[in-house]
Amino acid sequence: MRLSRRTRLAGVGLAAAASLILAACGGGDDSGSDSNVITVYGTNPQNPLIPTATNEVGGGDPLNNLFAGLVSYKTDGSVENEVAESIEPNKDSTVWTVKVKSGWKFTDGEPVTAESFVKAWNYGANPANKQLNNYFFYPIKGTDDVGNTVKGADTVSGLKVVDDSTFTISLKSAESDFPLRLGYSAYFPVPAKAYGSDGKITKEYGDKPIGNGPYKLTAKGWEKNKQISMVPNGDYNGNRKAKNEGLTFKFYNSTDAAYSDVQGGNLDVLDQVPPSALTTFESDNQIKAYNEPGSSFSSITIPERLAHFKGEEGQLRRAAISEATNREQITDKVFNGARTPAKDFTSPVLDGWTDKVEGNEVLDFNASDAKAKWAAADKISKWEGTFTIAFNNDGAGNKEFSEAMANQIKKTLGINAEAKVYPTFDELRTVVTDRSIKTAFRTGWQADYPSMLNYLGPIYATGAGSNDGDYSNKTFDKLISEASAATGDERYKLIGEAQTILLKDLPAIPLWYQNATAVTSTDLKGFVFNWQQKPDYYALSK
Amino acid sequence: MSESAARPGQARYVAPLEETPLRAIDAVVIDAAPESQWREAWKRLRRSPLFWLATAIIVVIMVAIFFPTLFTNADPQDGDLDRQFAPAGEGHPFGYTFLGYDVWARTVYGARASVAVGVLTTIVATLLGMVTGAVAGFYGGWVDTLVSRFSDIFFSIPLLLACLVVIAVINNLYPQRGFWGSVLVVVMALSLFAWPQITRQMRGAVLEVKNLEFVDAATAIGASRLVNLRRHIVPNALAPVIVTATILLGTFIVAETSLSFLGLGLPSNVASWGNDLSGATNQVRSGTHLTVMWVPATALAVTVLGFILLGEAVREALDPKARKS
Amino acid sequence: MWWYVGKRLLQTIPVFLGATLIIYALVFLRPGDPILGLVGDKPISPEVRQALRDQYHLDDPFLLQWLFFLKDVVTFNPDFVGLDGQPVFEKIQNAFPVTVTLALMALALDAVIGIVVGTFAGLRRNGWFDSATLLVSLVLLSVPIFVVGFVLQLFFGVKFGLAPVTVGGDWTIGKLLLPAFVLAIANIATTLRLARTSVADNLSADHVRTARAKGLSNGTVVRNHVLRNSLVPVVTYIGINLGSLMAGAVITEGIFNIQGIGNLAYQAVNRGDAPVTVTVVAVMVMVYVFMSLVVDLIYAVLDPRIRYV
């Protein structure tokens with residue numbers, strides 16, 4: 001009896017294995033979506049889908065399509081009113097009056113009113129609600145330096161609802177291009193239904209947000225770790241009317257995998273190119289390739305507080321390191337042309353940008369001058385030890401460029417130089433934020449709104465939130481605040497002067513502008529980069 | 001027939017001497033030590049071609065580790081983007097990498113870190129495992145339960161994931177370290193979660209040996225428990241452990257490359273096969289300049305093969321059952 | 001027997017506690033403030049940073065954090081969330097099926113290929129087939145899995161289009177075939193060698209000689225006397241491996257974009273997301289403990305000499 005039982009066991013095992021293999025052969029592919037639904041690259045959102053809670057692209061891209069703000073960005077980065085009827089400044093641009101168009105509705109039928117905006121912004125600025133986007137409210141009166149409501153207040157005093165369709169925004173200081181900010185997702189409206197009985201936005205809303213944008217979620221909506229699907233919102237009547245029958249943000253863990261899927265026809269849009277494909281993507285005929293200058297800026301920050309980098313010695317050494325770095329070679333060889341060597345601290349896609357900022361020759365490779373400057377610094381105080389560049393390994397290409405840059409410095413200046421790895425972004429940011437890092441480190445900036453000032457003030461102004469190197473220069477601060485209030489050529493002249501100061505002090509050493517690169521399936525139409533290096537998803541079709 | 005009849009007091013018939021002549025083969029040298037298991041194994045090893053092949057591979061690699069300049073004159077840390085993927089030339093048989101390092105020099109110098117990780121991890125994990133396993137198997141009872149559950153805990157935690165966290169932690173506590181410091185971090189992380197494998201094997205072997213007659217005999221003549229453990233049980237349980245250890249050595253070298261691939265192996269300024277291979281994945285994905293992958297991959301495969309072959313040869317030599325065929 | 005199963009299940013409790021404690025300690029010691037990872041390039045106010053740290057108990061003593069975790073896990077608290085505010089159990093529920101399927105497929109491939117090839121190699125020990133498989137299996141053991149994965153993906157997926165390049169969220173068994181094979185490779189080599197040795201040993205065992213002496217045909221002897229006995233160590237090895245296959249899926253899942261447990265854990269480790277990391281490890285530990293119990297029970301079925309009391 002025992003024998004037969006054992007035989008049966010073995011038999012079951014084999015049968016199970018066989019059926020597994022049969023099933024494997026039968027499992028055909030289920031792609032077959034030849035309709036006009038566009039599949040685009042995405043990552044699983046890290047936060048609830050609430051405008052003031054989402055600060056990363058995984059949630060930001062879907063939100064931008066589910067909501068409409070007061071203004072919307074045109075492809076070139078300029079703004080046009082969307083939900084706003086008008087946004088008018090007072091004489092000195094410190095108080096802005098917003099009128100909301102009538103007829104806008106959330107997809108559940110609730111009308112979009114002044115209150116929809118003001119309540120959402122107050123919610124975002126109140127630290128009790130732990131929203132990650134509070135930073136965006138810092139220009140408004142009634143918030144502190146990082147955009148929180150001031151102590152003891154639940155609401156932002158600078159926001160006032162006048163009537164159902166009107167509200168006013170009072171700013172801390174004059175800002176002539178304030179409306180430029182208002183297309184960012186942190187400023188989207190939120191319906192009254194979103195708030196639970198305790199006044200907090202509910203978890204259900206964060207999973208299945210109700211918006212007023214060109215798209216709305218399908219019944220399945222956000223399938224965690226898989227995808228977010230949305231269809232055009234029939235009631236939407238704004239500037240970004242959908243030209244396709246829906247969007248599906250498919251989640252990936254690596255851009256390599258996504259790239260392979262575009263090649264294989266399983267994904268329509270990948271809005272970046274993995275480093276492994278940089279040398280080949282423009283000649284690959286299985287896909288369509290896009291590559292143009294973009295809006296994000298990369299740099300190396302060498303804080304004043306490091307030994308040998310203070311005062312005049314520091315100025316000389318920073319300039320020497322800048323000139324010892326052959327940007328052309330790295331952008332060409334490491335990034336295969338997907339980066340453009342920096343000529344200033346901003347981005348070439350912006351209004352007013354020029355490659356002729358006074359003093360920017362310090363950004364050109366110049367071995368002999370670099371050596372001379374380093375030697376001059378050595379006269380002040382002799383250099384010893386190793387020059388180290390810290391980078392986070394979870395960003396594509398960081399390791400390669402940091403190592404290549406260390407090698408260039410080693411070769412040109414004849415000193416020891418090395419790249420030091422931090423496995424993840426947050427580990428690097430922690431030592432940067434608590435100021436315990438003892439080396440130079442990689443920094444970068446992606447603008448919140450398309451203005452050159454957004455690349456300067458938040459990073460280099462005294463005490464600014466992202467001033468990782470604790471840089472401080474009173475003349476620079478003054479020029480920046482003057483430029484904020486100025487308009488036209490006067491504004492750009494002031495910005496140029498401010499940049500010349502930065503080029504002398506080099507609080508960060510500009511490296512390159514990251515190009516906007518993307519690949520799409522060959523039958524995709526309507527792909528154009530907007531200023532955020534993203535496609536306008538509504539304009540895509542097949 | 002009176003001669004052949006049993007004498008008084010004699011219970012059985014004994015054949016007369018002339019009927020059972022002694023042969024030379026039955027001569028006993030009284031003062032000769034019995035051939036130990038180890039000497040026998042060594043004899044068999046010497047006759048195994050597998051063993052000599054493995055030894056040859058390992059010797060070549062050891063020479064590369066201790067005298068890298070015999071193989072290459074290039075500096076493995078000298079990177080120059082102007083030489084990106086430059087073709088092979090005099091003294092540079094495999095050309096250059098993406099960052100302009102000499103492929104061959106990186107591979108030769110990389111042997112040191114990779115083999116050091118493999119060998120040291122094996123030593124640490126084996127020692128830990130042997131001690132715990134021997135104690136558990138010999139003492140039994142609650143000691144056994146305790147050690148077994150403890151090893152279960154470490155065994156059940158996935159190795160790669162655990163190593164990722166451990167290395168991140170140590171990196172934070174001791175950020176500044178040289179070559180050996182970096183190697184030791186990986187060794188500690190790997191061996192911390194690898195020892196239970198040896199523990200289980202050692203425990204099993206000790207349990208098996210403990211009940212054999214010669215151990216009982218030793219106990220009967222009054223050997224203390226510890227002496228028993230040290231003199232009789234451990235040496236006899238050693239054979240299967242050595243076999244596992246040599247095989248594990250190869251897997252540790254491979255594990256280091258996997259850790260580097262995930263970004264947490266040896267730091268990138270240490271030349272190691274793991275770093276070279278993870279740096280080469282871009283080339284694998286695009287299918288261009290594959291030499292930068294093949295050269296370190298081949299070196300790695302040959303090295304691991306050398307140690308696994310050694311393990312295989314030792315196993316054949318030590319395994320009494322394998323002898324029969 | 002039930003008494004034995006009960007006893008074994010009770011013994012899993014200290015293992016579970018110990019393993020979660022160790023991993024929790026490690027994640028606790030990990031450098032970096034996970035909140036800053038959430039925040040990205042933009043500044044965050046100290047109030048919000050502190051409020052978030054409080055929400056996730058990041059400043060509590062480590063043992064207290066671990067106790068909070070235990071409470072959430074033991075009570076299956078649906079509000080037990082990771083650092084991204086999403087329920088941990090929901091994440092695991094979503095990621096678990098694909099990884100289990102992948103690991104089971106790898107296990108099946110491992111068992112079928114390993115046992116069949118290993119048996120043939122063992123039956124003709126030291127023949128050309130044996131030597132060839134020995135060499136191939138050793139080479140497979142010595143090449144890192146990510147190299148194999150990328151190479152197979154390049155050829156089968158991208159170049160020849162024989163297999164889907166990646167799996168993604170909509171997984172099917174057909175799509176998982178190539179990744180399962182990649183995952184199984186290193187294990188196939190070991191299973192194969194184990195089966196080979198075991199078969200070869202049993203061929204020369206006394207009871208097999210007796211069976212031959214009785215005049216049984218070669219096929220009958222191999223089927224009834226050699227294979228059955230040889231399977232015991234092989235089954236042990238294969239069974240114990242389900243857990244390690246699931247853990248080893250980290251790399252395979254990354255290469256083929258499979259949204260499984262391994263990926264979930266890898267990302268959680270990188271984010272410093274203790275709740276998710278530790279829960280995943282706890283699940284892996286349970287799988288391991290469960291499988292070793294199953295293996296021991298199968299052992300008893302295969303080898304009548306073993307009895308559990």
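Me: Is the crossing of helix 5 of chain C and helix 8 of chain C left-handed or right-handed?

Reply: This is a predicted model, in which local features need pLDDT of at least 70 and side-chain atom pairs count only at pLDDT 80 or more, while totals for chains, interfaces and linings use all residues. Residues are numbered from 1 along each chain as its sequence is written, and chains are lettered from A and ligands numbered from 1 in the order in which they are written. A crossing is left-handed if the near helix is turned anticlockwise from the far one by less than a right angle, and right-handed if clockwise. By this convention, the crossing of helix 5 of chain C and helix 8 of chain C is right-handed.

Me: At what angle do helix 5 and helix 8 of chain C pack, and how far apart are their axes?

Reply: Two packed helices are described by the angle between their axes and the distance between the axes. Here the axes are lines fitted to C-alpha atoms, for helices over the stretch in contact, with angles running from 0 to 180 degrees between N-to-C directions. For helix 5 (residues 88-123) and helix 8 (residues 173-203) of chain C, the values are about 35° and 5 Å.

Me: How many nonpolar residues does the contact of helix 5 with helix 8 of chain C have?

Reply: Ala, Val, Leu, Ile, Met, Phe, Trp, Tyr, Cys and Pro count as nonpolar, Asp, Glu, Lys and Arg as charged, and the others, Gly among them, as polar. The contact of helix 5 of chain C with helix 8 of chain C has nine polar and three charged residues, and its nonpolar residues number 23.

Me: How many helices and strands does chain C have?

Reply: The elements are DSSP runs numbered from the N terminus, helices being H or I with at least four residues and strands E with at least two. Along its principal axes, the C-alpha trace of chain C spans about 85 × 55 × 30 Å. From the N terminus on, every entry in its run of elements is α, and the count is 12 helices and zero strands.

Me: What share of the contacts in chain C, among residues at least 6 apart in sequence, joins residues at least 24 apart?

Reply: Two residues are in contact if their C-beta atoms, placed from the backbone, lie within 7 Å. In chain B, residues 24 or more positions apart account for 70% of the contacts with a separation of 6 or more. In chain C, the corresponding share is 76%.

Me: Which helix of chain C gives the most to the side of domain 1 that touches domain 2?

Reply: The domain bounds, which come from an automatic or database domain assignment, give domain 1 (2-74) and domain 2 (89-302) in chain C. The C-alpha centres of these domains lie 31 Å apart, and 17 residues of domain 1 are in contact with 14 residues of domain 2. On the domain 1 side, helix 1 (2-29), helix 2 (34-39) and helix 4 (62-74) each supply at least two residues. With 11 residues, the one that gives the most is helix 1 of chain C.

Me: What distance separates the centres of domain 1 and domain 2 of chain A?

Reply: The assignment for chain A gives domain 1 (5-217) and domain 2 (296-515). Taken over C-alpha atoms, the centres of these two domains of chain A are separated by 33 Å.

Me: Which helix of chain B gives the most to the side that touches chain C?

Reply: The contact takes 34 residues from chain B and 40 residues from chain C. Elements of chain B that give two or more residues include helix 4, helix 8 (225-261) and helix 10 (291-318). By class, this side of chain B has 21 nonpolar, eight polar and five charged residues. With nine residues, the one that gives the most is helix 5 of chain B.

Me: How far does helix 4 of chain B reach from its first C-alpha to its last?

Reply: Helix 4 (residues 141-156) of chain B has 16 residues, and its buried residues include Val147(B), Ile153(B), Phe154(B) and Phe155(B). The expected span of a helix is 1.5 Å times one less than its number of residues. The reach of helix 4 of chain B is close to that expectation, at 22 Å.

Me: Why does Ala88(B) count as it does in the burial classes?

Reply: Ala88(B) is in the loop between helix 2 (49-66) and helix 3 (103-139) of chain B, and beyond four places in sequence its contacts are Pro93(B), Phe94(B) and Gly95(B). A residue is buried if 20 or more other C-beta atoms, placed from the backbone, lie within 10 Å of its own, exposed if 12 or fewer, and partly exposed in between. Because it has 14 C-beta neighbours inside 10 Å, Ala88(B) counts as partly exposed.
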